[in-house]
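These are my notebook entries on a structure that I examined one feature at a time. Each entry records what I looked up and what I found.

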Amino acid sequence: MDTLVNFRDLGGIVTLDNKKVVNHQFLRSGEVVHISTEDKEELVKSYSLKKIVDFRGDTEVSQSPDDTITGVSYEHIDILGETANQGASLEELLNPKYNPQQAMMTIYEELVLSKDAQTGYSKFLSDFLTEPNEATLFHCFAGKDRTGFAAALILSSLNVSKEAIDEDYLKTNDSRKAANDAILNEMKEKGASTKQLANMLVMLTVNKDYLDYAFELINQHFGSIENYFTDILKLPTTFSKDMQTLYTI
């Protein structure tokens with residue numbers, strides 16, 4: 001994809017029982033905004049895309065609505081709500097007391113513990129059982145945190161190792177390098193300080209510590225990922241088994 005940033009297919013990832021995640025079912029990316037006609041055609045023809053799920057907040061969506069793709073349905077699931085700690089102003093980035101790593105940890109805490117996120121991920125994941133075998137592209141703005149955690153939940157349900165989950169998660173840093181460089185260069189041209197640029201770089205990248213923290217919170221508060229699926233997200237007790245039946249080969 002030339003114009004769809006941080007795009008990839010979770011298909012082909014090997015599970016702990018030596019199966020593979022099916023191709024062209026779980027597609028992840030950054031925002032689907034101003035993408036080329038060629039990329040739209042590739043999503044439909046090569047990936048058989050049927051549905052786009054947008055995890056961004058209402059303001060993000062209203063300012064930069066997703067492109068319309070013929071034959072593809074659209075669903076908005078606001079994962080973090082308008083109170084989300086999704087970014088920082090230049091003033092905050094310059095504040096010597098501002099800790100971008102801690103700000104990122106707070107985002108992942110919200111992804112696990114906030115009611116908005118729990119409701120949103122419940123809806124997102126349950127659709128894979130009620131609307132099976134429909135290729136779905138899910139995204140947020142950068143496709144790294146709200147989307148990264150969603151991908152981790154899917155792969156967890158499919159019996160993929162934490163190491164393989166981390167590998168997919170960290171691919172974001174390479175996939176977004178050009179887009180991140182463009183953001184930082186624009187900030188620099190507008191007079192951003194070295195401190196602001198360094199803090200922003202942290203906010204634009206993923207770190208294994210963030211995802212580890214999310215899984216630690218799940219285990220600490222709910223006991224296990226399976227308890228999180230069934231007790232918190234209210235998914236069927238057979239959720240993981242059903243996902244593996246439908247989406248691994």
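Entry 1. Strand pairing

I looked up the bridge partner of isoleucine 52 and found that it stands opposite leucine 137 in β5. The model I am reading is a predicted one. I then followed the pairing outward: β3 and strand β5, residues 135-139, run parallel and are joined by 5 bridges. I also checked the pairing of β3 with strand β4, residues 73-76, and noted 4 bridges, again in the parallel sense. Two partners in β4 went into my notes. Valine 53 has glutamate 75 as its bridge partner, and aspartate 54 stands opposite histidine 76.

Next I asked how many of the residues of β3 are buried. I recorded 5 of the 6 residues in 49-54 as buried, so that the strand is described as mostly covered.

I then placed these strands in the whole sheet. I found an open sheet of 5 strands with mixed pairing, in the order β1-β2-β5-β3-β4. Which strands stand at the edges? I noted β1 and β4; each has a single partner strand, so one side of each has no neighbour in the sheet.

Entry 2. The cavity

I searched for cavities of 30 Å³ or more and found 1 in the structure. I wrote down a volume of about 70 Å³ for the largest cavity. I listed its lining as Lys51, Val53, Glu75, Phe124, Asp127, Phe128, Glu131, Glu134 and Thr136. I noted that β3 and α5 (115-130) are the elements that give two or more residues to this lining. The largest share, 3 residues, comes from α5. Valine 53 and glutamate 75, which I had recorded as bridge partners, both appear in the lining.

I also sorted the lining of the largest cavity by class and obtained 5 charged, 3 nonpolar and 1 polar residues.

Entry 3. The second largest pocket

I turned to the second largest pocket and recorded a volume of about 230 Å³. Among the residues that line this pocket I noted Thr3, Val5, Gly30, Glu31, Val33 and His34. The list also includes Phe141, Arg176, Ala179, Ala182 and Ile183. By class, I counted 6 nonpolar, 3 polar and 2 charged residues in the lining of this pocket.

Entry 4. Two residues with positive phi

I looked up histidine 34, having seen this residue in the pocket lining. Its phi is near 60°, which is a positive value in a residue other than glycine. I located histidine 34 in the loop between β2 (26-29) and α1 (37-45). Is histidine 34 buried or exposed? I entered it as exposed, because its relative accessibility is 72% and the cut-off for exposed is over 50%.

I then looked up asparagine 6, whose phi is also near 60° and positive, in a residue other than glycine. Asparagine 6 belongs to the segment before β1 (8-9). I entered asparagine 6 as buried, because its relative accessible area is 2%, and buried means under 20%.

Entry 5. Threonine 147

I found threonine 147 in helix α6, which covers residues 146-157. I recorded threonine 147 as buried, because its relative accessible area is 0%. What does threonine 147 touch, apart from residues up to four places away in sequence? I listed Arg28, Ser29, Phe55, Phe138, His139 and Cys140. For cysteine 140 I noted a further detail: the side chain of threonine 147 reaches the backbone nitrogen of this residue at 2.9 Å.

Entry 6. Glutamine 244

My last search concerned glutamine 244, which I placed in helix α12, residues 239-247. I recorded glutamine 244 as partly exposed, because its relative accessible area is 23% and this class lies between the limits of 20% and 50%. I set aside its neighbours within four places in sequence and found contacts with Ser157, Leu158 and Asn159. In the case of serine 157, I noted that its backbone oxygen lies 2.9 Å from a polar atom of the side chain of glutamine 244.

I finally compared the positions of glutamine 244 and leucine 155. They are 89 residues apart in sequence, and I recorded 9.7 Å between them in space, C-alpha to C-alpha.

Methods:
Residues are numbered from 1 along each chain as its sequence is written. This is a predicted model: local features need pLDDT of at least 70, side-chain atom pairs count only at pLDDT 80 or more; totals for chains, interfaces and linings use all residues. Side-chain values use heavy atoms; hydrogens and water are left out. Buried means under 20% relative accessible area, exposed over 50%, partly exposed in between (1.4 Å probe, protein chains only). A polar contact is a pair of N or O atoms within 3.5 Å; within protein, one must be able to donate a hydrogen and the other to accept it, and residues adjacent in sequence count only if both atoms are side-chain atoms. Contact means heavy atoms within 4.5 Å. On a 1 Å grid over the protein atoms alone, a cavity is a set of points where a 1.4 Å probe fits but cannot get out, and a pocket is an open set with protein on both sides within 12 Å along at least five of seven lines; lining residues have an atom within 4 Å of a point. Grid points are joined across faces, edges and corners, and a volume is the space filled by probe spheres set on the points. Ala, Val, Leu, Ile, Met, Phe, Trp, Tyr, Cys and Pro count as nonpolar, Asp, Glu, Lys and Arg as charged, and the others, Gly among them, as polar. Two strands pair if DSSP finds at least two bridges between them.
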